[in-house]
Amino acid sequence: MSTTTHETTIEAVADVPAIRIVREFDASPEKVFRAHVEPELVKQWLGPRGLTMTIDRWDAQTGGTYRYVHRDDDGEYRFYGSFHEVRPHERIVQTFTFEGFPDGVALETMTFTDLGDGRTRIVGSSTFETFEGRDSALASGMEIGVNEGFEQLDELLARS
């Protein structure tokens, strides 16, 4: 169940093969950032509802790597990447690969902006190698996973 009224904006960037995601949260940048780097917190919100998440590794520091698996009754979905830059409470730059499409690596940048009054705006950008890769990601149902994941993040932030 969601406890938020915040909308998520997900848009394809017109002139580069990128997706831009914007969302606000009723929590400080420190709390929102912590939920992105601590694996026990990440497992509680990342991805669509109804999936369970197992983390093989999650080393959220500059130069670190990650690999995780989402599971449901239909199967497993494995993802991996590396953290290029992790700047506490401000920015995460990482790669993202779905093992089902290993030729499609995206470069993701996420910034955390303090809006005051204990609120944070996240702006995420995922840049793909090709427009086809970007459009395939958009057509994959990623919007459901992003929205449900952020709803679960709202719930987690409200509990902490």
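The largest pocket of this predicted model holds about 1,300 Å³ of space. Its lining comprises 46 residues, and those closest to the centre of the pocket are Y68, F79, F96, E108 and M142. Sorted by class, the lining of the largest pocket consists of 26 nonpolar, 17 polar and three charged residues.

Aromatic rings are the next topic. A pair of aromatic rings is described by the distance of the centres and the angle of the planes. The count of aromatic pairs in the model comes to 11. One of them joins W58 and Y66, whose ring centres lie 5.2 Å apart with 50 degrees between the planes, a tilted arrangement. The rings of Y66 and Y68 also pair: their centres are 6.0 Å apart and their planes stand at 20 degrees, so this pair is stacked. The reasoning rests on the cut-off that planes under 30 degrees apart count as stacked.

Are these three residues buried or exposed? W58 has a relative accessibility of 14% and therefore counts as buried, because the limit for that class is under 20%. Y66 is buried, with a relative accessible area of 1%, and Y68 is buried as well, at 5%.

The ring pairs extend further, linking W58, Y66, Y68, F79, F83, F96 and F98 into a cluster. Y68, F79 and F96 belong to this cluster and are also among the residues closest to the centre of the largest pocket.

A contact of another kind involves a charged side chain: R23 lies over the face of F25, at 4.7 Å from the ring centre.

Note on methods
Residues are numbered from 1 along each chain as its sequence is written. This is a predicted model: local features need pLDDT of at least 70, side-chain atom pairs count only at pLDDT 80 or more; totals for chains, interfaces and linings use all residues. Side-chain values use heavy atoms; hydrogens and water are left out. On a 1 Å grid over the protein atoms alone, a cavity is a set of points where a 1.4 Å probe fits but cannot get out, and a pocket is an open set with protein on both sides within 12 Å along at least five of seven lines; lining residues have an atom within 4 Å of a point. Grid points are joined across faces, edges and corners, and a volume is the space filled by probe spheres set on the points. Ala, Val, Leu, Ile, Met, Phe, Trp, Tyr, Cys and Pro count as nonpolar, Asp, Glu, Lys and Arg as charged, and the others, Gly among them, as polar. Rings of Phe, Tyr and Trp (its six-membered ring) pair if their centres lie within 6.5 Å; planes under 30 degrees apart count as stacked, over 60 as edge-to-face and the rest as tilted. Buried means under 20% relative accessible area, exposed over 50%, partly exposed in between (1.4 Å probe, protein chains only). A charge sits over a ring if NZ of Lys or CZ of Arg is within 6 Å of the ring centre and within 35 degrees of the ring normal.
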